[in-house]
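Me: Please go through the terms used for this model one at a time. For each, I should like the value set against its criterion.

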Amino acid sequence: MHKNIRLATTKWWLRNVTIILLSVSLLSPALAQHTPSSIQLLPEDAERGLNGPQHNFDFLAPGTSGNNYKSAGFFGQNLRPYLVGNPEALAHLNDYRRQKTLFLIDRLVAVGTFGLYGQQILGNGERQYFNTTQQAAIGLFAASVLATTFINRNTNSHLKRAVMAHNTGIAHHSPWPRLRPTTMGLAASPTGQPLLALRWALR
């Protein structure tokens, strides 16, 4: 009788442990995504892809909710304080700043060449539309327009990767991923009863 009570207690304990572990495994991704320290981009900004719009990103700072979005700034400078301590996130943000700097230089070149072309129209007292200087200006303007396509192609993805690296880093510091089993399955006991098989890997 004592043996049966002990066996029943063991089964009850194993059942509860299994339920807890399964709950942790299934719920931990959702908990990691909604951790108070995570950064959330405006949904429209989060959906930007290659060659997407180049306006500033808006984000929810850690610990805020609702519609309290703030601008990340032209170079992402308003986002930088939240990424301190995460080298991977800062590296992606630096790539974003580099691309935005190139974009700014490219726009200045385009405006400068356009102005140079216009200045040459009446530069010599009579109207000219295709002298040597104007030809060079047209060539630089065309090169600038082409360069814009390549510069803007991956710009948005750099900032999105910075936010993703930040949020992933927070999730890895949570205890849930460490407790989550790496594999789950079914196994048979020596008596033929089905058992839940769990395996953990060192992380």
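**Terms and their grounds**

Reply: This is a predicted model. Leaving aside neighbours within four places in sequence, L93 is in contact with F75, G76, L79, R80, L83, L159 and A162.

Me: What makes these residues contacts of L93?

Reply: Contact requires heavy atoms within 4.5 Å. F75, G76, L79, R80, L83, L159 and A162 are in contact with L93, which means that each has heavy atoms within 4.5 Å of that residue.

Me: Which residues have the most contacts inside the largest nonpolar core?

Reply: They are F59, L79, L83, L93 and L159, in a core of 15 residues. Helix 4 and helix 6 (155–173) each supply at least two residues of this core, and helix 6 gives the most, with four.

Me: Why is L93 called buried?

Reply: L93 is listed among the buried residues of helix 4. Buried means under 20% relative accessible area, so L93 falls under that limit. Others in helix 4 that meet the criterion include H92, Y96, K100, F103 and D106. In the protein as a whole, buried residues make up 29% of the 203 residues.

Me: How do you know that the span of helix 4 agrees with its number of residues?

Reply: Helix 4 (residues 87–121) has 35 residues. The expected span is 1.5 Å times one less than the number of residues, which gives 51 Å for helix 4. From first C-alpha to last, helix 4 reaches 52 Å, close to that expectation.

Me: Why is I105 called partly exposed?

Reply: The relative accessible area of I105 is 47%. Partly exposed lies between the 20% limit for buried and the 50% limit for exposed, so I105, at 47%, is partly exposed. I105 is found in helix 4.

Me: What makes I105 eligible for a nonpolar patch on the surface?

Reply: A patch residue needs over 30% relative accessible area, and I105 has 47%. I105 forms the patch with L102, V109 and L140, and together they have about 320 Å² of accessible area. Helix 4 gives the most to this patch, with three residues.

Me: Why is N51 called partly exposed, and where is N51 placed?

Reply: N51 has a relative accessible area of 43%. This value lies between 20% and 50%, so N51 is partly exposed. N51 is in the loop between helix 2 (43–46) and strand 2 (58–60). Although N51 is not a glycine, its phi is positive, at about 60°.

Technical notes:
Residues are numbered from 1 along each chain as its sequence is written. This is a predicted model: local features need pLDDT of at least 70, side-chain atom pairs count only at pLDDT 80 or more; totals for chains, interfaces and linings use all residues. Side-chain values use heavy atoms; hydrogens and water are left out. Buried means under 20% relative accessible area, exposed over 50%, partly exposed in between (1.4 Å probe, protein chains only). A nonpolar core is a set of buried Ala, Val, Leu, Ile, Met, Phe, Trp, Tyr and Cys residues joined through side-chain atoms within 4.5 Å. Patches are made of residues with over 30% relative accessible area and no salt bridge: like charges are joined within 9 Å, nonpolar side chains (Val, Leu, Ile, Met, Phe, Trp, Tyr) within 5 Å. Accessible areas come from the Shrake-Rupley method with a 1.4 Å probe; for residues, only the protein chains shown count as cover. A salt bridge is a side-chain nitrogen of Lys or Arg within 4 Å of a carboxyl oxygen of Asp or Glu.
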